[in-house]
Amino acid sequence: MTSRPEFAARTAGMRPSKLRELVAAAARPSAGDVPGPTLLSLGGGLPPAEAFPARAVAEAAERALAGAAGAALQYSATEGDPELLDLVGADLAGRLRLPDPTGRLLVTTGSQQALDLIGKVLLDPGDVAVVESPAYVGALRALAGYQPRIVEAPVDDDGMDTELLAGRLRAGLRPKLCYLVPNFSNPSGRTLTARRRTRLAQLAARYGFLIVEDDPYGQLRFAGADLPPVAADAAEQVVYLGSFSKLVAPGLRVGYLAAPRWLHRALAVAKQATDLNSAALSQRLLVELLADPDWFAGHLAGLRDLYRVRAEALTGAVADRLAGRLATPMPDGGMFVWASVQTPGIDALALARAAMRRAVSVVPGNEFSLADGYPRHLRLSFSMLGPAGLVAAVDRLGDAFDDLTASG
Ligand code: PMP
């Protein structure tokens with residue numbers, strides 16, 4: 001006999017993220033008395049500590065507390081700090097040509113909260129949610145909590161295959177929403193072409209679904225030209241998600257969304273119930289940082305250089321050392337390479353395990369699909385290691401390949 005209540009039915013859809021476990025494992029010092037080789041991480045997609053503008057953040061905190069300590073330490077508006085909303089609105093209207101975002105913005109506790117709020121206000125159990133595939137694990141998990149039927153829409157070199165989706169819509173698929181990361185996606189590294197952006201917006205208008213445009217990496221482009229967001233021509237059909245996690249620091253937990261007018265209030269009301277408001281201190285701190293646009297532009301340029309050098313080091317090392325065994329298309333930005341195993345008979349999960357024994361972490365492709373659609377892919381993140389570390393990690397991956405081929 002147990003004397004406890006049953007969990008709610010929706011918890012059936014809530015699964016712990018193996019990725020988070022991996023991140024936690026990578027953060028632990030090696031166990032036991034015998035120090036093993038330091039784990040080299042191509043696993044978690046986190047900004048490295050050297051990307052954090054720690055001094056600027058400390059000075060901004062000082063100013064935020066000296067200037068408006070009352071506001072920085074008080075509860076604040078659910079929609080967000082008014083000055084931060086102004087700065088974000090001006091940026092979106094200028095950089096992304098988003099039509100008048102005023103009144104459509106909501107500051108969120110990271111983009112992750114935006115994903116949860118969208119699920120909360122739109123999805124009843126059994127509703128259809130289309131997600132690009134492979135998909136950001138956090139989006140799969142946020143949506144799964146609301147028990148939708150998740151339909152995976154495959155990605156090719158040009159991002160989500162909109163014609164394949166169009167075919168499924170013609171055949172009767174009626175999603176409430178369609179989730180994707182149009183720029184340098186996590187995990188695929190792929191960017192949706194301009195033509196497909198327009199096409200997706202057309203499909204959303206025609207079939208009446210919401211596009212969830214998750215764009216945490218858009219400002220980390222290190223090759224090619226910026227593309228207009230899907231939301232640029234379809235503001236009433238798209239909720240656009242931005243985040244300061246990869247641009248300043250994830251520890252601040254500040255993101256934002258620009259919603260269609262019909263959706264904005266429902267999201268704000270849902271957020272009230274969730275956390276009243278996102279951390280006021282973090283928001284004041286960002287206001288202080290963004291008030292110096294030259295500083296921010298220089299900081300972003302530094303990040304783009306950092307990630308470009310690392311992406312080139314990783315893909316270059318794979319081309320040198322693992323040619324014919326692993327293919328790693330170079331992304332135009334972001335933090336991820338979607339690698340495909342070329343050696344016949346080698347499975348990505350087995351390779352990830354062998355790599356762990358060689359003290360290098362990678363994430364097997366099936367993590368990014370509910371249908372286990374990627375047994376021959378790995379997500380490699382180049383964010384955490386410098387060029388020499390990336391070369392060493394690729395050498396260890398080569399050893400892991402050898403271990404597998406030797407053991408048949
Ligand atoms: N979307 C994508 C595609 C991500 O990769 C991440 C974080 N890795 C998030 C959303 C969530 O970021 P945050 O909540 O820190 O803004």
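These are my notebook entries on a predicted model with a bound ligand.

**Entry 1: the ligand shell**

I began at the ligand and listed what surrounds it. The shell holds 14 residues, and Ser 111, Asp 214, Tyr 217, Ser 243 and Ser 245 are the closest. I then sorted the shell by class and got five nonpolar, six polar and three charged residues. Which helix gives the most to this shell? I found that helix α4, residues 110-122, does, with three residues.

Next I looked up polar atoms beside the ligand's oxygen atoms. For Ser 111, a backbone N or O atom lies 2.7 Å from an oxygen atom of the ligand. For Gln 112, a backbone N or O atom is 3.0 Å from a ligand oxygen. Arg 253 comes in through its side chain, where a polar atom lies 2.8 Å from an oxygen atom of the ligand. I also noted the areas: the ligand taken alone exposes 400 Å², and the protein buries 91% of that.

**Entry 2: Ser 243**

I went back to Ser 243, which is among the closest residues to the ligand. Ser 243 sits in strand β8. Is Ser 243 buried or exposed? Its relative accessibility is 6%, so I count Ser 243 as buried, the limit being under 20%. Setting aside neighbours within four places in sequence, I found Ser 243 in contact with Ser 111, Pro 216, Val 254, Gly 255 and Tyr 256. One of these, Ser 111, is also listed among the closest residues to the ligand.

The side chain of Ser 243 has a polar atom 3.0 Å from the backbone nitrogen of Ser 245. As a long-range check I took Asp 402: Ser 243 and Asp 402 are 159 residues apart in sequence, and their C-alpha atoms are 40 Å apart in space.

**Entry 3: aromatic pairs**

How many aromatic pairs are there? I counted six aromatic pairs. I wrote down the geometry of one, Phe 244 with Tyr 256: the centres are 5.7 Å apart and the planes make 55°, so the pair is tilted, since only planes over 60 degrees apart would be edge-to-face. Phe 244 is in the loop between β8 (238-243) and β9 (255-258), and Tyr 256 is in strand β9, so the pair ties together parts that are 12 residues apart in sequence. Phe 244 and Tyr 256 are both buried.

I also recorded one aromatic cluster, made up of Trp 338, Phe 368 and Tyr 374.

**Entry 4: backbone geometry**

I looked at cis peptide bonds. One joins Ser 133 and Pro 134, with omega about 5°. Pro 134 belongs to the loop between β3 (128-133) and α5 (137-144). Another cis bond runs from Asn 186 to Pro 187, where omega is near 15°. Pro 187 is in the loop between β6 (177-180) and α7 (194-207).

Then I looked at positive phi in residues other than glycine. Arg 97 has a phi of about 55°. I placed Arg 97 in the loop between α3 (82-95) and β2 (105-108), and Arg 97 is exposed at 58% relative accessible area. Asp 372 has a positive phi of about 50°, and its place is the loop between β13 (363-364) and β14 (377-381).

**Entry 5: Gly 103**

Gly 103 is in the loop between α3 and β2. With a relative accessible area of 53%, Gly 103 is exposed. What does Gly 103 contact, leaving aside its neighbours within four places in sequence? I found Arg 261 and His 264. I also noted Leu 85, which is 18 residues from Gly 103 in sequence and 9.3 Å from Gly 103 in space, C-alpha to C-alpha.

**Entry 6: α5 and Gln 283**

For cover along a helix I checked α5. Seven of the eight residues in α5 are buried, so I noted this helix as mostly covered, taking buried as under 20% relative accessible area. The buried ones are Val 137, Gly 138, Ala 139, Leu 140, Ala 142, Leu 143 and Ala 144.

I ended with Gln 283, in helix α9, residues 280-290. Gln 283 counts as buried at 1% relative accessibility. Which residues does Gln 283 touch, not counting those up to four places away in sequence? My list is Ser 76, Gly 80, Asp 81, Leu 84, Val 107, Val 254 and Ser 278. Val 254 also appears in the contacts of Ser 243.

Terms used: Residues are numbered from 1 along each chain as its sequence is written. This is a predicted model: local features need pLDDT of at least 70, side-chain atom pairs count only at pLDDT 80 or more; totals for chains, interfaces and linings use all residues. Side-chain values use heavy atoms; hydrogens and water are left out. A residue is near a molecule or strand if one of its heavy atoms lies within 4 Å of it. A polar contact is a pair of N or O atoms within 3.5 Å; within protein, one must be able to donate a hydrogen and the other to accept it, and residues adjacent in sequence count only if both atoms are side-chain atoms. Accessible areas come from the Shrake-Rupley method with a 1.4 Å probe; for residues, only the protein chains shown count as cover. Helices (H or I, at least four residues) and strands (E, at least two) are DSSP runs, numbered from the N terminus. Ala, Val, Leu, Ile, Met, Phe, Trp, Tyr, Cys and Pro count as nonpolar, Asp, Glu, Lys and Arg as charged, and the others, Gly among them, as polar. Rings of Phe, Tyr and Trp (its six-membered ring) pair if their centres lie within 6.5 Å; planes under 30 degrees apart count as stacked, over 60 as edge-to-face and the rest as tilted. Buried means under 20% relative accessible area, exposed over 50%, partly exposed in between (1.4 Å probe, protein chains only). Contact means heavy atoms within 4.5 Å.
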